[in-house]
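Thank you all for coming. I would like to walk through one model this morning, going from the surroundings of single side chains out to the cores and the loops.

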Amino acid sequence: MKTMLSIISNALCRMTGRNVAARVVVARSFTDFTPQVTFDIKKCDLHRLEEGPPLRAELTREQGLQYYHTMQTVRRMELKADQLYKQKIIRGFCHLYDGQEACAAGIEAAINLSDHLITAYRAHGFTYTRGVSVKEILAELTGRKGGVAKGKGGSMHMYAPHFYGGNGIVGAQVPVGAGIALACSYQGNNQLCVTLYGDGAANQGQIFETFNMAALWKLPCIFICENNKYGMGTAVERAAASTDYYKRGDFIPGLRVDGMDVLCVREATRFAAEHCRAGKGPIVMELQTYRYHGHSMSDPGVSYRTREEIQEVRSKSDPISMLKERMLANNMASAEEFKEIDIAIRKEVEEAAQFATLDPEPPLDELCDHIFHNEPPLEVRGTNPWSKLKSVS
């Protein structure tokens, strides 16, 4: 089908008698693209399950562009956070998510915004997929008033409706996630809680205690271990006698999933969500993924692994490149389209970074606000015994 631009180009040729096709970039109409393709995806390893997620996944053009936009936004946001940290504009702890974008995008594509999600301190990606803007995230990282937690939470403590952080204590969010799932069960609202933790937290005793209670009470909880191969600077093989994290629930069914493929993550999460909503109780998922940065910004990330290892993952398993190549190979989008998306994302991130450097810090007299919920104002000691601040709920 001819596009309007190609019709105009042909008319110009007839009017001028010259070939202007070389100077006119002909846009392609949406009807030129394949609207939907079914892809073969990697089989999940199963524990205590007779069957698992499907081996084929349907992807529409709109979904593909949406997943690409989400993952690329998280990638650019994290690279900007890296830059701001090195400029000493972001201070303190900062754990970046680049490399693991398919986990956040795939999980979010398979659940509802009315479902609940809680994660550990590598939380920027999920903060974005839960509906918080790049501007609010970067402003929170720089400690500004316009941040999602008013500049008082920082990298590890960001929240949104049905999103409970961002938690700094290793593994402590897992029992909280089970508590949220208990509330869902108690209220009978057909909602569930996605509870995430890392391979470094997987050996915590509180996780196994939580598994036990969740199984006894058949809680609608998807426990997800984001296995990025290293707990801080320690390889999983050196930290765990068994690295089959999807089997760690023992009596709870489990799945091991390719966490670098957004379609694998989506299909596995959809399967797990259906399991929970059917009243079958909790399920454990292990997403095999990889972080490109070190554990935090204070970790260069190359003392316990080689640069070559990181580069190999980037070249062979990058989640964004994998999706883009799939779509290009199947005529679902054009290279120009991806380029336009990239330009728009870069602009959005740059504008957000500018806001995050110019927005004022929260005033001192608001520093203690919202410590308590629904309480009358009370005095809180400041930086010395003589200074008093008011805490307002």
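Let me begin with a charge and a ring: R326 lies over the face of F39, with 5.3 Å to the ring centre. Please keep in mind throughout that this is a predicted model. A second arrangement of this kind involves R314, which lies over the face of Y292 at 4.1 Å from the ring centre.

F39 also turns up in the surroundings of N330, a residue placed in the loop between α11 (319–329) and α12 (335–358). If we leave aside the neighbours within four places in sequence, N330 is in contact with T34, V37 and F39. N330 itself is partly exposed, with a relative accessible area of 29%. Looking along the chain from there, A353 is 23 residues away from N330, and the C-alpha atoms of the two are separated by 35 Å.

For orientation, the domain assignment divides the chain into domain 1 (36–362) and domain 2 (364–392), and the C-alpha centres of these two domains lie 35 Å apart. The UniProt record, in an unreviewed entry, places the feature "domain: Dehydrogenase E1 component" at residues 70–363. Over residues 70–363 the chain is 46% helix and 11% strand, with the end C-alpha atoms 33 Å apart.

Now to the aromatic residues, where the structure holds five aromatic pairs. One of them is formed by F208 and F211, which meet edge-to-face, at 6.0 Å centre to centre and with 75° between the planes. How are these two placed along the chain? They are three residues apart in helix α7 (residues 205–216), and therefore they are separated by about one helical turn. Their accessibility can be given one by one: F208 is partly exposed, at a relative accessible area of 33%, while F211 counts as buried, at 2%. Ring pairs also bring in F223, so that F208, F211 and F223 are linked into a cluster.

That brings me to the interior, and here a general remark may help: in soluble globular proteins, nonpolar side chains tend to be buried together. In this model the largest nonpolar core has 70 residues, and those with the most contacts inside it are I107, L138, V194, I222, L255 and M285. Which element gives the largest share of this core? It is helix α9 (residues 262–277), from which nine residues come. Apart from this core lies another, of 21 residues, among them I118, V174, Y197 and F211, the last of which we have just met in its pair with F208.

V194 deserves a moment of its own, for its contacts, not counting neighbours within four places in sequence, are with I107, I111, H116, L117, I118, I222 and I224. One of those partners, I107, belongs to helix α3, whose buried residues are E101, A102, C103, A104, A105, G106, I107, E108 and A110. Helix α3 (residues 101–110) is thus mostly covered, with nine of its ten residues buried.

Let me finish with some loops. T289 is found in the loop between β10 (283–288) and α10 (307–317). Is T289 buried or exposed? T289 is buried, at a relative accessible area of 1%, and, with residues up to four places away in sequence not counted, it touches G99, Q100, C103, E226, N227, N228, K229, G259 and M260.

K229, which appears in that list, has a positive phi of about 80° although it is not a glycine. The place of K229 is in the loop between β6 (221–227) and β7 (230–231), and at 29% relative accessibility K229 counts as partly exposed. D250 is another residue other than glycine with a positive phi, in this case near 60°. D250 lies in the loop between α8 (236–239) and β9 (254–258), where it counts as partly exposed, at 45% relative accessibility.

The final residue is N190, in the loop between α6 (173–187) and β5 (193–198). N190 and G279 are 89 residues apart in sequence, yet 9.3 Å apart in space, C-alpha to C-alpha. Leaving aside its neighbours within four places in sequence, N190 is in contact with D115 and R277.

Notes: Residues numbered from 1 in each chain as written. Heavy atoms only, no water. Phe/Tyr/Trp six-rings, centres within 6.5 Å; stacked < 30°, edge-to-face > 60°. Helix = DSSP H or I, 4+ residues; strand = E, 2+ residues; numbered from the N terminus. Buried < 20%, exposed > 50% of the residue type's maximum accessible area, 1.4 Å probe, protein only. Lys NZ or Arg CZ within 6 Å of the ring centre and 35° of its normal. Domains from an automatic or database assignment. UniProt positions renumbered as here; feature names shortened; annotations may be inferred. Core = buried A, V, L, I, M, F, W, Y, C linked by side-chain atoms within 4.5 Å. Contact = heavy atoms within 4.5 Å.
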